[in-house]
Amino acid sequence: MGTTTATASLRQTPAWQALEENAEALRETHLRDLFAADPERGERFSIEAEGLFLDYSKNRITEDTIRLLLQLAEERGVAERRDAMFAGEKINVTERRAVLHVALRAPKGEHIEVDGEDVVPEVHEVLDRMSEFAERIRSGAWQGHTGKRIRNVVNIGIGGSDLGPVMAYEALRYYSQRDLTFRFVSNVDGTDLAEATRDLDPEETLFIVASKTFTTLETLTNARSAREWLLATLDDEAAVAKHFVAVSTNEAEVSKFGIDTANMFGFWDWVGGRYSMDSAIGLSTMIAIGPDNFRRLLAGFHTLDEHFRTAPFERNLPVLMGLLTVWYADFFAAQTVAVLPYDQYLKRFPAYLQQLTMESNGKSVTLEGAHVDYETGPIFWGEPGTNGQHSFYQLIHQGTKLVPADFIGFSHTLNPIGDHHDLLMANVFAQTEALAFGKTPEEVRAEGTEEWLVPHRVFEGNRPSNTILADRLDPETLGKLVALYEHSVFVQGVIWNVNSFDQWGVELGKVLAKRIAGELEADSEPELTHDSSTNALLRRYRNTRRTS
(Lines give C-alpha, C1' and ligand atoms only; values in the text may rest on other atoms or scores of the structure.)
Protein backbone atom coordinates (compact mmCIF):
# COMPACT_ATOMS: atom_id res chain seq x y z
CA MET A 1 0.00 0.00 0.00
CA GLY A 2 1.54 3.30 -1.02
CA THR A 3 1.94 6.23 1.33
CA THR A 4 0.69 9.65 0.31
CA THR A 5 1.80 12.87 1.95
CA ALA A 6 -0.27 14.54 4.62
CA THR A 7 -0.20 17.74 2.51
CA ALA A 8 -2.64 16.15 0.05
CA SER A 9 -6.30 17.00 0.64
CA LEU A 10 -7.54 14.75 3.41
CA ARG A 11 -10.91 14.30 1.75
CA GLN A 12 -9.27 13.09 -1.45
CA THR A 13 -7.26 10.28 0.12
CA PRO A 14 -8.41 6.77 -0.85
CA ALA A 15 -8.93 5.70 2.76
CA TRP A 16 -11.06 8.78 3.55
CA GLN A 17 -13.34 8.19 0.61
CA ALA A 18 -13.68 4.51 1.49
CA LEU A 19 -14.45 5.47 5.10
CA GLU A 20 -17.26 7.76 3.93
CA GLU A 21 -18.83 4.78 2.18
CA ASN A 22 -18.25 2.58 5.22
CA ALA A 23 -19.87 5.16 7.53
CA GLU A 24 -22.88 5.44 5.26
CA ALA A 25 -23.33 1.68 5.27
CA LEU A 26 -23.10 1.60 9.08
CA ARG A 27 -25.32 4.61 9.74
CA GLU A 28 -28.44 2.52 10.15
CA THR A 29 -26.65 -0.50 11.66
CA HIS A 30 -27.25 -1.01 15.38
CA LEU A 31 -24.70 -2.33 17.85
CA ARG A 32 -27.29 -4.96 18.78
CA ASP A 33 -27.00 -6.33 15.25
CA LEU A 34 -23.20 -6.18 15.20
CA PHE A 35 -22.97 -8.17 18.43
CA ALA A 36 -25.65 -10.63 17.37
CA ALA A 37 -23.79 -11.34 14.14
CA ASP A 38 -20.45 -11.85 15.92
CA PRO A 39 -20.53 -13.67 19.29
CA GLU A 40 -16.77 -13.11 19.68
CA ARG A 41 -16.91 -9.36 19.02
CA GLY A 42 -16.10 -8.40 22.62
CA GLU A 43 -12.88 -10.43 22.51
CA ARG A 44 -11.81 -9.43 19.01
CA PHE A 45 -12.24 -5.69 19.45
CA SER A 46 -10.16 -5.41 22.62
CA ILE A 47 -6.47 -5.03 23.44
CA GLU A 48 -4.40 -5.52 26.57
CA ALA A 49 -1.03 -3.79 26.62
CA GLU A 50 1.29 -2.42 29.29
CA GLY A 51 -1.21 -2.90 32.11
CA LEU A 52 -4.11 -1.21 30.31
CA PHE A 53 -7.07 -3.07 28.82
CA LEU A 54 -9.09 -1.35 26.10
CA ASP A 55 -12.47 -2.70 25.05
CA TYR A 56 -13.52 -0.83 21.93
CA SER A 57 -16.11 -3.36 20.78
CA LYS A 58 -19.02 -1.07 21.67
CA ASN A 59 -18.15 1.28 18.82
CA ARG A 60 -20.04 1.58 15.55
CA ILE A 61 -17.32 -0.14 13.60
CA THR A 62 -16.57 -3.32 11.70
CA GLU A 63 -13.30 -4.96 10.79
CA ASP A 64 -13.45 -3.03 7.53
CA THR A 65 -13.74 0.23 9.49
CA ILE A 66 -10.60 -0.52 11.49
CA ARG A 67 -8.74 -1.65 8.36
CA LEU A 68 -9.62 1.62 6.60
CA LEU A 69 -8.77 3.76 9.63
CA LEU A 70 -5.37 2.07 9.80
CA GLN A 71 -4.97 2.68 6.07
CA LEU A 72 -5.78 6.35 6.71
CA ALA A 73 -3.05 6.47 9.37
CA GLU A 74 -0.61 5.05 6.85
CA GLU A 75 -1.66 7.42 4.09
CA ARG A 76 -1.33 10.41 6.40
CA GLY A 77 2.15 9.44 7.57
CA VAL A 78 1.41 8.88 11.27
CA ALA A 79 4.41 6.56 11.70
CA GLU A 80 6.76 9.01 10.00
CA ARG A 81 5.56 11.94 12.07
CA ARG A 82 5.77 9.89 15.26
CA ASP A 83 9.36 8.93 14.47
CA ALA A 84 10.20 12.55 13.67
CA MET A 85 8.87 13.60 17.07
CA PHE A 86 10.92 10.99 18.93
CA ALA A 87 13.99 11.98 16.90
CA GLY A 88 13.78 15.59 18.06
CA GLU A 89 12.87 17.07 14.70
CA LYS A 90 11.17 20.49 14.84
CA ILE A 91 7.66 19.30 14.07
CA ASN A 92 6.17 22.37 15.78
CA VAL A 93 6.66 24.28 12.56
CA THR A 94 5.01 27.59 13.52
CA GLU A 95 7.35 28.02 16.49
CA ARG A 96 10.29 26.12 14.93
CA ARG A 97 10.58 23.86 17.95
CA ALA A 98 11.06 20.20 18.67
CA VAL A 99 8.28 18.43 20.57
CA LEU A 100 9.96 16.25 23.15
CA HIS A 101 7.82 15.71 26.20
CA VAL A 102 8.86 12.06 25.72
CA ALA A 103 12.39 13.11 26.74
CA LEU A 104 11.09 14.22 30.15
CA ARG A 105 10.49 10.59 31.08
CA ALA A 106 13.35 8.94 29.21
CA PRO A 107 15.51 6.81 31.54
CA LYS A 108 19.15 7.67 32.13
CA GLY A 109 21.29 6.29 29.35
CA GLU A 110 18.82 6.92 26.55
CA HIS A 111 19.82 9.41 23.89
CA ILE A 112 17.41 11.97 22.46
CA GLU A 113 18.96 14.85 20.56
CA VAL A 114 17.84 18.38 19.77
CA ASP A 115 20.15 20.32 17.44
CA GLY A 116 22.81 17.66 17.92
CA GLU A 117 22.74 17.80 21.74
CA ASP A 118 21.57 14.89 23.92
CA VAL A 119 18.94 16.40 26.22
CA VAL A 120 18.44 13.41 28.51
CA PRO A 121 21.34 14.27 30.88
CA GLU A 122 19.89 17.80 31.36
CA VAL A 123 16.50 16.32 32.17
CA HIS A 124 17.96 14.09 34.87
CA GLU A 125 20.09 16.89 36.29
CA VAL A 126 16.89 18.89 36.90
CA LEU A 127 15.10 15.81 38.27
CA ASP A 128 17.94 15.23 40.72
CA ARG A 129 17.80 18.85 41.90
CA MET A 130 14.02 18.61 42.26
CA SER A 131 14.40 15.39 44.26
CA GLU A 132 16.92 16.93 46.66
CA PHE A 133 14.70 19.96 47.20
CA ALA A 134 11.54 17.88 47.61
CA GLU A 135 13.18 15.71 50.24
CA ARG A 136 14.25 18.79 52.20
CA ILE A 137 10.67 20.06 52.27
CA ARG A 138 9.20 16.64 53.12
CA SER A 139 11.69 15.98 55.92
CA GLY A 140 11.45 19.45 57.47
CA ALA A 141 15.11 20.21 56.75
CA TRP A 142 14.07 23.27 54.73
CA GLN A 143 12.99 25.96 57.16
CA GLY A 144 11.14 29.19 56.58
CA HIS A 145 12.44 32.63 57.47
CA THR A 146 11.57 32.30 61.16
CA GLY A 147 12.94 28.78 61.52
CA LYS A 148 9.63 26.95 61.24
CA ARG A 149 9.32 23.97 58.91
CA ILE A 150 7.23 24.28 55.74
CA ARG A 151 3.80 22.69 56.13
CA ASN A 152 1.93 24.37 53.25
CA VAL A 153 2.84 24.37 49.55
CA VAL A 154 0.98 26.69 47.17
CA ASN A 155 1.55 26.24 43.44
CA ILE A 156 0.94 29.42 41.43
CA GLY A 157 0.56 28.88 37.69
CA ILE A 158 -2.02 28.78 34.95
CA GLY A 159 -2.84 26.49 32.04
CA GLY A 160 -0.39 23.61 31.91
CA SER A 161 1.44 25.05 34.93
CA ASP A 162 -1.71 24.49 36.99
CA LEU A 163 -3.93 21.85 35.37
CA GLY A 164 -1.22 19.18 35.32
CA PRO A 165 -0.03 19.66 38.91
CA VAL A 166 -3.52 19.91 40.41
CA MET A 167 -4.76 16.90 38.43
CA ALA A 168 -1.73 14.83 39.44
CA TYR A 169 -2.03 15.86 43.10
CA GLU A 170 -5.69 14.91 43.24
CA ALA A 171 -5.12 11.68 41.30
CA LEU A 172 -2.24 10.60 43.56
CA ARG A 173 -3.44 12.08 46.83
CA TYR A 174 -3.49 8.56 48.31
CA TYR A 175 0.33 8.58 48.02
CA SER A 176 0.82 12.13 49.31
CA GLN A 177 2.50 13.13 52.58
CA ARG A 178 -0.50 13.92 54.75
CA ASP A 179 1.16 16.37 57.15
CA LEU A 180 1.65 18.75 54.22
CA THR A 181 -1.14 20.89 52.78
CA PHE A 182 -1.22 21.62 49.04
CA ARG A 183 -3.12 24.43 47.36
CA PHE A 184 -3.22 25.57 43.72
CA VAL A 185 -3.82 29.12 42.51
CA SER A 186 -4.39 29.90 38.85
CA ASN A 187 -7.23 32.37 38.37
CA VAL A 188 -6.35 36.06 38.32
CA ASP A 189 -9.61 36.55 40.25
CA GLY A 190 -8.31 37.57 43.67
CA THR A 191 -10.75 35.18 45.29
CA ASP A 192 -8.60 32.25 44.18
CA LEU A 193 -5.54 33.48 46.07
CA ALA A 194 -7.55 34.76 49.02
CA GLU A 195 -9.25 31.42 49.62
CA ALA A 196 -6.05 29.43 49.07
CA THR A 197 -4.15 31.40 51.73
CA ARG A 198 -6.94 32.36 54.14
CA ASP A 199 -6.16 29.69 56.76
CA LEU A 200 -2.41 29.35 56.15
CA ASP A 201 0.44 30.53 58.35
CA PRO A 202 2.91 32.59 56.24
CA GLU A 203 5.78 31.32 58.38
CA GLU A 204 5.01 27.76 57.25
CA THR A 205 4.08 28.41 53.61
CA LEU A 206 6.12 27.86 50.45
CA PHE A 207 5.01 29.27 47.08
CA ILE A 208 6.06 27.64 43.82
CA VAL A 209 5.76 30.18 41.00
CA ALA A 210 5.51 28.28 37.72
CA SER A 211 6.03 30.45 34.64
CA LYS A 212 8.57 29.65 31.93
CA THR A 213 9.09 33.32 31.03
CA PHE A 214 8.23 34.67 34.48
CA THR A 215 6.07 37.24 32.69
CA THR A 216 2.70 35.42 32.47
CA LEU A 217 0.20 38.10 33.50
CA GLU A 218 -2.09 35.97 35.68
CA THR A 219 0.73 34.05 37.36
CA LEU A 220 2.87 37.09 38.12
CA THR A 221 -0.13 39.07 39.38
CA ASN A 222 -0.90 36.26 41.81
CA ALA A 223 2.77 35.83 42.73
CA ARG A 224 3.19 39.52 43.58
CA SER A 225 0.05 39.46 45.72
CA ALA A 226 1.30 36.31 47.46
CA ARG A 227 4.57 38.13 48.11
CA GLU A 228 2.66 41.02 49.69
CA TRP A 229 0.63 38.55 51.79
CA LEU A 230 3.86 36.98 53.06
CA LEU A 231 5.64 40.26 53.81
CA ALA A 232 2.61 41.69 55.59
CA THR A 233 3.42 39.17 58.34
CA LEU A 234 7.17 38.58 58.05
CA ASP A 235 8.09 42.21 57.16
CA ASP A 236 11.52 41.33 55.82
CA GLU A 237 12.42 41.19 52.11
CA ALA A 238 14.93 38.45 52.89
CA ALA A 239 11.98 36.18 53.76
CA VAL A 240 11.02 35.89 50.07
CA ALA A 241 14.00 33.65 49.31
CA LYS A 242 12.90 31.19 52.00
CA HIS A 243 9.25 31.08 50.98
CA PHE A 244 9.34 31.28 47.17
CA VAL A 245 10.90 29.07 44.53
CA ALA A 246 10.48 29.31 40.76
CA VAL A 247 9.92 26.99 37.85
CA SER A 248 11.19 29.22 35.08
CA THR A 249 13.95 29.94 32.59
CA ASN A 250 14.11 33.72 33.18
CA GLU A 251 16.89 34.07 35.73
CA ALA A 252 16.86 37.88 35.71
CA GLU A 253 13.16 38.23 36.50
CA VAL A 254 13.29 35.46 39.09
CA SER A 255 16.15 37.19 40.87
CA LYS A 256 14.42 40.58 40.67
CA PHE A 257 11.38 39.05 42.38
CA GLY A 258 13.61 38.05 45.31
CA ILE A 259 13.89 34.32 44.63
CA ASP A 260 17.31 32.73 45.02
CA THR A 261 18.17 31.44 41.53
CA ALA A 262 19.68 28.36 43.20
CA ASN A 263 16.03 27.50 43.81
CA MET A 264 14.98 28.01 40.20
CA PHE A 265 14.10 24.86 38.30
CA GLY A 266 14.19 25.14 34.53
CA PHE A 267 12.73 23.42 31.53
CA TRP A 268 13.06 23.82 27.80
CA ASP A 269 11.32 25.35 24.79
CA TRP A 270 10.73 21.85 23.41
CA VAL A 271 8.27 21.26 26.28
CA GLY A 272 4.78 22.62 25.63
CA GLY A 273 2.87 23.84 28.67
CA ARG A 274 0.11 21.25 28.39
CA TYR A 275 2.75 18.52 28.08
CA SER A 276 4.85 19.69 31.03
CA MET A 277 3.43 18.03 34.16
CA ASP A 278 6.36 15.59 34.23
CA SER A 279 8.95 18.38 34.00
CA ALA A 280 9.90 20.81 36.78
CA ILE A 281 6.29 22.01 36.52
CA GLY A 282 5.58 18.85 38.53
CA LEU A 283 7.66 20.06 41.51
CA SER A 284 4.56 20.32 43.71
CA THR A 285 3.61 16.78 42.66
CA MET A 286 7.05 15.51 43.61
CA ILE A 287 6.89 17.21 47.01
CA ALA A 288 3.46 15.68 47.61
CA ILE A 289 4.17 12.07 46.60
CA GLY A 290 7.95 11.95 47.00
CA PRO A 291 10.74 11.54 44.44
CA ASP A 292 10.43 7.74 44.25
CA ASN A 293 6.74 7.87 43.39
CA PHE A 294 7.38 10.71 40.94
CA ARG A 295 9.90 8.52 39.14
CA ARG A 296 7.29 5.74 39.07
CA LEU A 297 4.98 8.24 37.39
CA LEU A 298 7.66 8.96 34.81
CA ALA A 299 8.21 5.24 34.28
CA GLY A 300 4.52 4.84 33.47
CA PHE A 301 4.74 7.61 30.90
CA HIS A 302 7.80 6.01 29.33
CA THR A 303 6.13 2.59 29.15
CA LEU A 304 3.30 4.04 27.05
CA ASP A 305 5.76 6.09 24.99
CA GLU A 306 7.56 2.90 24.02
CA HIS A 307 4.28 1.14 23.30
CA PHE A 308 3.23 3.99 21.00
CA ARG A 309 6.65 4.03 19.34
CA THR A 310 6.95 0.28 18.72
CA ALA A 311 3.58 -1.50 18.76
CA PRO A 312 1.96 -2.33 15.41
CA PHE A 313 -0.87 0.08 14.73
CA GLU A 314 -3.56 -2.59 14.90
CA ARG A 315 -2.46 -3.30 18.50
CA ASN A 316 -1.48 0.25 19.42
CA LEU A 317 -3.68 1.78 22.12
CA PRO A 318 -3.24 5.51 21.38
CA VAL A 319 -3.36 4.94 17.62
CA LEU A 320 -6.71 3.15 17.83
CA MET A 321 -8.18 5.67 20.26
CA GLY A 322 -7.03 8.57 18.11
CA LEU A 323 -8.47 7.02 14.97
CA LEU A 324 -11.80 6.35 16.68
CA THR A 325 -11.98 10.01 17.71
CA VAL A 326 -11.43 11.00 14.06
CA TRP A 327 -14.08 8.44 13.00
CA TYR A 328 -16.83 10.00 15.11
CA ALA A 329 -15.81 13.64 14.63
CA ASP A 330 -15.60 13.47 10.85
CA PHE A 331 -17.96 10.69 9.78
CA PHE A 332 -20.71 10.90 12.43
CA ALA A 333 -20.63 14.64 13.20
CA ALA A 334 -19.98 14.02 16.89
CA GLN A 335 -19.01 17.35 18.42
CA THR A 336 -17.83 16.10 21.81
CA VAL A 337 -16.14 13.25 23.67
CA ALA A 338 -17.09 12.47 27.27
CA VAL A 339 -14.36 11.18 29.59
CA LEU A 340 -15.90 9.39 32.55
CA PRO A 341 -13.42 8.14 35.16
CA TYR A 342 -14.94 5.88 37.78
CA ASP A 343 -12.48 6.86 40.48
CA GLN A 344 -12.94 9.91 42.68
CA TYR A 345 -9.20 10.57 42.64
CA LEU A 346 -9.49 11.31 38.90
CA LYS A 347 -12.01 14.11 39.41
CA ARG A 348 -9.72 16.64 37.69
CA PHE A 349 -8.70 14.31 34.86
CA PRO A 350 -11.41 15.50 32.40
CA ALA A 351 -10.45 19.14 33.06
CA TYR A 352 -6.80 18.29 32.43
CA LEU A 353 -7.73 16.59 29.15
CA GLN A 354 -9.70 19.65 28.07
CA GLN A 355 -6.51 21.64 27.69
CA LEU A 356 -4.50 18.72 26.31
CA THR A 357 -7.01 17.96 23.58
CA MET A 358 -8.67 21.28 22.75
CA GLU A 359 -5.61 23.51 22.92
CA SER A 360 -3.76 20.97 20.80
CA ASN A 361 -6.28 20.23 18.05
CA GLY A 362 -8.63 23.19 18.22
CA LYS A 363 -7.26 24.38 14.88
CA SER A 364 -8.88 25.34 11.58
CA VAL A 365 -5.84 25.64 9.32
CA THR A 366 -3.41 22.98 8.18
CA LEU A 367 0.34 23.00 8.70
CA GLU A 368 0.58 24.77 5.34
CA GLY A 369 -1.89 27.48 6.44
CA ALA A 370 -4.85 26.32 4.34
CA HIS A 371 -8.34 26.26 5.84
CA VAL A 372 -9.58 22.75 6.59
CA ASP A 373 -12.78 21.47 5.00
CA TYR A 374 -13.40 18.83 7.68
CA GLU A 375 -13.97 18.76 11.41
CA THR A 376 -10.96 18.83 13.74
CA GLY A 377 -10.71 18.64 17.54
CA PRO A 378 -13.93 17.76 19.36
CA ILE A 379 -14.89 19.19 22.75
CA PHE A 380 -13.71 17.03 25.66
CA TRP A 381 -15.64 17.09 28.90
CA GLY A 382 -16.70 14.85 31.75
CA GLU A 383 -17.07 14.15 35.44
CA PRO A 384 -16.32 11.19 37.68
CA GLY A 385 -18.86 8.37 37.90
CA THR A 386 -21.24 7.85 39.49
CA ASN A 387 -21.84 11.61 39.94
CA GLY A 388 -22.33 12.19 36.23
CA GLN A 389 -25.05 9.56 36.07
CA HIS A 390 -27.25 11.86 38.13
CA SER A 391 -26.33 14.86 36.02
CA PHE A 392 -25.79 14.61 32.26
CA TYR A 393 -26.10 10.92 31.40
CA GLN A 394 -29.75 11.54 30.56
CA LEU A 395 -28.64 13.45 27.47
CA ILE A 396 -26.11 10.79 26.47
CA HIS A 397 -28.73 8.05 26.72
CA GLN A 398 -31.84 9.70 25.29
CA GLY A 399 -30.81 13.05 23.84
CA THR A 400 -30.41 13.98 20.19
CA LYS A 401 -26.63 14.34 20.33
CA LEU A 402 -24.18 11.52 19.64
CA VAL A 403 -21.61 11.56 22.45
CA PRO A 404 -18.83 8.96 22.24
CA ALA A 405 -17.61 8.22 25.76
CA ASP A 406 -14.47 6.85 27.40
CA PHE A 407 -15.15 4.96 30.63
CA ILE A 408 -12.13 4.45 32.92
CA GLY A 409 -12.22 1.95 35.77
CA PHE A 410 -9.96 -0.04 38.08
CA SER A 411 -10.10 -3.61 39.33
CA HIS A 412 -8.94 -2.59 42.81
CA THR A 413 -9.76 0.46 44.87
CA LEU A 414 -7.21 2.20 47.05
CA ASN A 415 -9.84 2.64 49.76
CA PRO A 416 -11.78 -0.62 50.25
CA ILE A 417 -15.01 0.04 52.14
CA GLY A 418 -17.69 -2.63 52.16
CA ASP A 419 -19.10 -3.31 48.71
CA HIS A 420 -18.56 0.24 47.42
CA HIS A 421 -16.09 -0.70 44.71
CA ASP A 422 -18.13 -3.57 43.29
CA LEU A 423 -21.12 -1.23 43.11
CA LEU A 424 -19.01 1.46 41.46
CA MET A 425 -17.70 -0.93 38.80
CA ALA A 426 -21.15 -2.46 38.28
CA ASN A 427 -22.16 1.00 37.14
CA VAL A 428 -19.30 1.16 34.63
CA PHE A 429 -20.35 -2.08 32.98
CA ALA A 430 -24.07 -1.29 33.22
CA GLN A 431 -23.71 2.13 31.63
CA THR A 432 -21.70 0.92 28.64
CA GLU A 433 -24.17 -1.93 28.11
CA ALA A 434 -27.16 0.39 28.34
CA LEU A 435 -25.60 2.93 25.98
CA ALA A 436 -24.80 0.25 23.42
CA PHE A 437 -27.95 -1.83 23.44
CA GLY A 438 -30.64 0.36 24.96
CA LYS A 439 -34.18 -0.93 25.45
CA THR A 440 -36.64 -1.49 22.62
CA PRO A 441 -40.35 -0.58 22.65
CA GLU A 442 -41.12 -4.31 22.76
CA GLU A 443 -38.97 -4.78 25.84
CA VAL A 444 -40.62 -1.80 27.51
CA ARG A 445 -44.11 -3.13 26.76
CA ALA A 446 -43.16 -6.57 28.05
CA GLU A 447 -42.56 -4.93 31.44
CA GLY A 448 -46.23 -3.95 31.56
CA THR A 449 -45.67 -0.29 30.73
CA GLU A 450 -48.76 1.63 29.66
CA GLU A 451 -48.68 2.46 25.94
CA TRP A 452 -48.64 6.23 26.41
CA LEU A 453 -45.50 5.90 28.56
CA VAL A 454 -43.62 3.56 26.21
CA PRO A 455 -41.86 6.27 24.10
CA HIS A 456 -40.53 7.91 27.25
CA ARG A 457 -38.97 4.69 28.51
CA VAL A 458 -37.39 3.54 25.26
CA PHE A 459 -33.59 3.72 25.07
CA GLU A 460 -32.42 3.94 21.47
CA GLY A 461 -28.96 2.58 22.31
CA ASN A 462 -26.29 2.48 19.61
CA ARG A 463 -24.33 5.03 21.65
CA PRO A 464 -20.60 4.27 21.33
CA SER A 465 -18.09 3.91 24.15
CA ASN A 466 -14.61 2.71 25.00
CA THR A 467 -13.85 1.04 28.32
CA ILE A 468 -10.34 1.37 29.74
CA LEU A 469 -9.51 -0.89 32.69
CA ALA A 470 -6.39 -1.03 34.83
CA ASP A 471 -5.50 -2.84 38.03
CA ARG A 472 -5.37 0.17 40.37
CA LEU A 473 -4.66 3.90 40.24
CA ASP A 474 -0.98 4.14 41.15
CA PRO A 475 1.70 6.54 39.87
CA GLU A 476 2.70 4.28 36.94
CA THR A 477 -0.91 3.91 35.83
CA LEU A 478 -1.54 7.66 35.93
CA GLY A 479 1.53 8.18 33.74
CA LYS A 480 0.24 5.58 31.28
CA LEU A 481 -3.22 7.17 31.12
CA VAL A 482 -1.87 10.65 30.46
CA ALA A 483 0.55 9.39 27.80
CA LEU A 484 -2.29 7.39 26.21
CA TYR A 485 -4.27 10.58 25.62
CA GLU A 486 -1.18 12.63 24.67
CA HIS A 487 -0.36 10.24 21.85
CA SER A 488 -4.01 9.85 20.84
CA VAL A 489 -4.11 13.64 20.39
CA PHE A 490 -0.92 13.41 18.31
CA VAL A 491 -2.46 10.82 16.00
CA GLN A 492 -5.55 12.97 15.49
CA GLY A 493 -3.42 16.01 14.69
CA VAL A 494 -1.42 14.11 12.08
CA ILE A 495 -4.58 12.83 10.40
CA TRP A 496 -6.01 16.36 10.29
CA ASN A 497 -2.62 17.85 9.29
CA VAL A 498 -2.76 20.50 12.01
CA ASN A 499 -0.08 21.65 14.43
CA SER A 500 -1.01 20.08 17.77
CA PHE A 501 1.79 21.93 19.56
CA ASP A 502 1.12 25.64 19.18
CA GLN A 503 -1.70 27.73 20.67
CA TRP A 504 -1.88 31.04 18.86
CA GLY A 505 -5.60 31.18 19.63
CA VAL A 506 -4.91 32.22 23.24
CA GLU A 507 -2.78 35.24 22.28
CA LEU A 508 -5.28 37.80 20.97
CA GLY A 509 -7.35 37.86 24.14
CA LYS A 510 -4.19 38.34 26.22
CA VAL A 511 -3.08 41.33 24.13
CA LEU A 512 -6.50 42.97 24.27
CA ALA A 513 -6.83 42.32 28.02
CA LYS A 514 -3.56 44.13 28.70
CA ARG A 515 -4.73 47.13 26.70
CA ILE A 516 -8.18 47.16 28.34
CA ALA A 517 -6.68 46.84 31.83
CA GLY A 518 -4.86 50.12 31.26
CA GLU A 519 -8.11 51.75 30.12
CA LEU A 520 -9.99 50.50 33.18
CA GLU A 521 -7.32 51.74 35.58
CA ALA A 522 -6.76 55.16 33.95
CA ASP A 523 -7.43 58.15 36.21
CA SER A 524 -9.09 60.23 33.49
CA GLU A 525 -11.66 59.05 30.98
CA PRO A 526 -9.65 57.28 28.22
CA GLU A 527 -10.48 57.52 24.54
CA LEU A 528 -12.04 54.16 23.70
CA THR A 529 -11.63 52.85 20.18
CA HIS A 530 -13.16 49.37 20.50
CA ASP A 531 -16.48 48.32 18.98
CA SER A 532 -19.64 49.96 20.37
CA SER A 533 -20.46 46.97 22.58
CA THR A 534 -17.02 46.81 24.22
CA ASN A 535 -16.83 50.59 24.61
CA ALA A 536 -20.22 50.64 26.36
CA LEU A 537 -19.26 47.79 28.68
CA LEU A 538 -16.00 49.50 29.68
CA ARG A 539 -17.76 52.80 30.37
CA ARG A 540 -20.42 51.05 32.44
CA TYR A 541 -17.78 49.21 34.47
CA ARG A 542 -15.74 52.39 35.08
CA ASN A 543 -18.85 54.36 36.09
CA THR A 544 -20.04 51.62 38.43
CA ARG A 545 -16.61 51.39 40.05
CA ARG A 546 -16.56 55.17 40.63
CA THR A 547 -20.02 55.37 42.15
CA SER A 548 -20.12 52.29 44.39
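Two strands are taken to pair if DSSP finds at least two bridges between them. In this predicted model, β1 and strand β2 (residues 52-55) meet that condition with 4 bridges, and their pairing is antiparallel. Within this pair, Glu48 is placed opposite Phe53 of β2.

**The sheet**

Strands β1 and β2 belong to an open sheet of 6 strands, whose order is β1-β2-β13-β12-β10-β11 and whose pairing is mixed. The edges of the sheet are formed by β1 (46-49) and β11 (379-381), each of which pairs on one side only. On average, and with direction ignored, neighbouring strands of this sheet are turned by 15 degrees against each other.

**Helices on the sheet**

Two helices may be described together with these strands. Helix α15 (residues 349-361) lies across β10 (336-341), β11 and β12 (405-410), and it runs at about 165 degrees to β11. Helix α17 (residues 420-437) packs on the sheet and touches β12 and β13 (465-470). The direction of α17 makes about 155 degrees with that of β12.

**Pockets**

Both helices recur in the description of the pockets. Helix α15 is among the elements that each supply at least two residues of the lining of the largest pocket, together with α7 (160-171), α9 (217-234) and α21 (507-521). For the second largest pocket, α17 provides the largest share of the lining. The table sets out the values for the two pockets.

| Pocket | Volume | Lining | Classes in the lining | Largest contribution |
|---|---|---|---|---|
| Largest pocket | about 1,200 Å³ | 44 residues | 16 nonpolar, 16 polar and 12 charged residues | α9, 5 residues |
| Second largest pocket | about 380 Å³ | 18 residues | 6 nonpolar, 8 polar and 4 charged residues | α17, 3 residues |

Which residues of the lining lie nearest the centre of the largest pocket? They are Thr216, Gln503, Val506, Glu507 and Lys510. Of the helices, α9 gives the most to this lining, with 5 residues.

The second largest pocket has a volume of about 380 Å³. Closest to its centre are Asp343, Gln344, Tyr345, Thr413 and Leu424. Helix α17, which packs on the sheet against β12 and β13, accounts for 3 residues of the lining of this second largest pocket.

Key:
Residues are numbered from 1 along each chain as its sequence is written. This is a predicted model: local features need pLDDT of at least 70, side-chain atom pairs count only at pLDDT 80 or more; totals for chains, interfaces and linings use all residues. Side-chain values use heavy atoms; hydrogens and water are left out. Axes are lines fitted to C-alpha atoms, for helices over the stretch in contact, and angles run from 0 to 180 degrees between N-to-C directions. Contact means heavy atoms within 4.5 Å. On a 1 Å grid over the protein atoms alone, a cavity is a set of points where a 1.4 Å probe fits but cannot get out, and a pocket is an open set with protein on both sides within 12 Å along at least five of seven lines; lining residues have an atom within 4 Å of a point. Grid points are joined across faces, edges and corners, and a volume is the space filled by probe spheres set on the points. Ala, Val, Leu, Ile, Met, Phe, Trp, Tyr, Cys and Pro count as nonpolar, Asp, Glu, Lys and Arg as charged, and the others, Gly among them, as polar.
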